[in-house]
Amino acid sequence: MKILITSLSLIFSISISAQQHLDTIYANDQKNVALFFPNPIRQGITGASHFVFTYNREKEQYFGLLQAKPGMESNLLTVTSDGSVYSYILKYSEKLPKLNYFINKNESIGKELPEKIKQKPTNAPLNDYANRITHFQKFSEYLLKSNFERLETKRKKGIKVQLQKMAYDASEVYLVIEVKNKSGINFEIDYLNVYRTNGNKKRKASYQRLHQKVIYKHKMPYSIIDGKSQCFVYVIPKFVLGSNEKLMLELKELKGSRKVVLETKI
């Protein structure tokens, strides 16, 4: 028992010691502080809302910009494309010691996932659709450049979801979707799900909602900036709606309560 307690105490002391030696980055609301990482940024999170770390979510880049408002110190956790994790203490300061931080690989505090044992390569496809990704890309791009039909539109709280076209090709259905933001604030997307519905929502016993698997997403955005719009394509397995069925698109905001639901009989 004494050995176990001693071991746990040692582990906790190492953990606390490691946290105490995190480097500190200072920021304010007057200037951008740039952080350059050795690999493109995949995710960056601050521990408090008065620290804002921005980076390109659509196309991974090596740098992010940090700003801060007066408040208690916090932390920044960043994960790069190779799975490396970086952590820093954040503090507000009117006078900034540095405007640019060039971060080395040896500053990483660890890996997001443990390294996997390398296996022998195989020629088998990753899934049933792996060999058709190029076709999905080309046909999706063709649809985005063609004329739209505007099948159905739903607006709510300044967010517009529009189903612009529905095209059948081989054993798939392509949905051309536009999301437009006129809400006054940016809309960060949690998910956009596709369902087939049957029955009346008011009669729960008879109402059914079947989730449709999305095979491929083309130019799907992570967020819609206020005043902007984005068109993208969803590819799902081919289906035909029954006489009492509807197609539903459900758009949900990340870390927010806004949700837009579009339904259509096509």
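# Exercises on a predicted model

E12 and E17 pair in the antiparallel sense over nine bridges. Strands here are DSSP runs (E, at least two residues), helices are runs of H or I with at least four, and both are numbered from the N terminus. Two strands pair if DSSP finds at least two bridges between them. This is a predicted model, where local features need pLDDT of at least 70, side-chain atom pairs count only at pLDDT 80 or more, and totals for chains, interfaces and linings use all residues. Residues are numbered from 1 along each chain as its sequence is written, and side-chain values use heavy atoms, leaving out hydrogens and water.

## Exercise 1: Take stock of the chain

Find how many helices and strands the protein chain has, and what share of its residues is buried.

Step 1. Count the elements: there are two helices and 19 strands.

Step 2. Apply the burial scale: buried is under 20% relative accessible area, exposed is over 50%, and partly exposed lies in between (1.4 Å probe, protein chains only). Of the 266 residues, 35% count as buried.

Step 3. Look at contacts (heavy atoms within 4.5 Å). Among those between residues at least 6 apart in sequence, 62% join residues at least 24 apart.

## Exercise 2: Follow strand E12

Describe the cover and the partners of E12.

Step 1. Check the cover: nine of the 10 residues of E12 are buried.

Step 2. Turn to E11, which runs antiparallel to E12 and is joined to it by 10 bridges. Within this pairing, Met 166 has Leu 175 of E12 as its bridge partner.

Step 3. Go to E17. Here Ser 229 stands opposite Lys 180.

## Exercise 3: Map the largest core

Name the residues of the largest nonpolar core that touch the most other members, and the strands that supply the core.

Step 1. Define the set: a nonpolar core is made of buried Ala, Val, Leu, Ile, Met, Phe, Trp, Tyr and Cys residues joined through side-chain atoms within 4.5 Å.

Step 2. List the residues. The core has 23, and those touching the most other members are Leu 175, Ile 177, Val 179, Leu 192, Leu 247, Leu 249 and Leu 251.

Step 3. Find the suppliers. At least two residues each come from E11 (159-169), E12 (172-181), E13 (187-198), E17 (229-237), E18 (245-253) and E19 (259-264).

Step 4. Zoom in on Leu 175. Leaving aside residues up to four places away in sequence, its contacts include Leu 163, Val 194, Phe 232, Leu 247 and Leu 249.

Step 5. Note a second, separate core of 19 residues, with Ala 27, Ala 68, Tyr 88 and Ile 103 among them.

## Exercise 4: Inspect two loop residues

Locate Ala 170 and Arg 150, and give their phi values.

Step 1. Recall the background: most residues other than glycine have a negative phi.

Step 2. Place Ala 170 in the loop between E11 and E12. Its phi is positive, about 55°. Ala 170 counts as exposed because its relative accessible area is 55%.

Step 3. Place Arg 150 in the loop between H2 and strand E10 (152-156). Phi of Arg 150 is also positive, near 55°.

## Exercise 5: Classify Asp 128

Is Asp 128 buried or exposed?

Step 1. Locate Asp 128 in the loop between strand E9 (110-111) and helix H2 (133-145).

Step 2. Read its relative accessible area, 73%, so Asp 128 is exposed.

Step 3. Check a distance: the C-alpha atoms of Asp 128 and Ile 215 are 9.7 Å apart, with their positions 87 residues apart along the chain.
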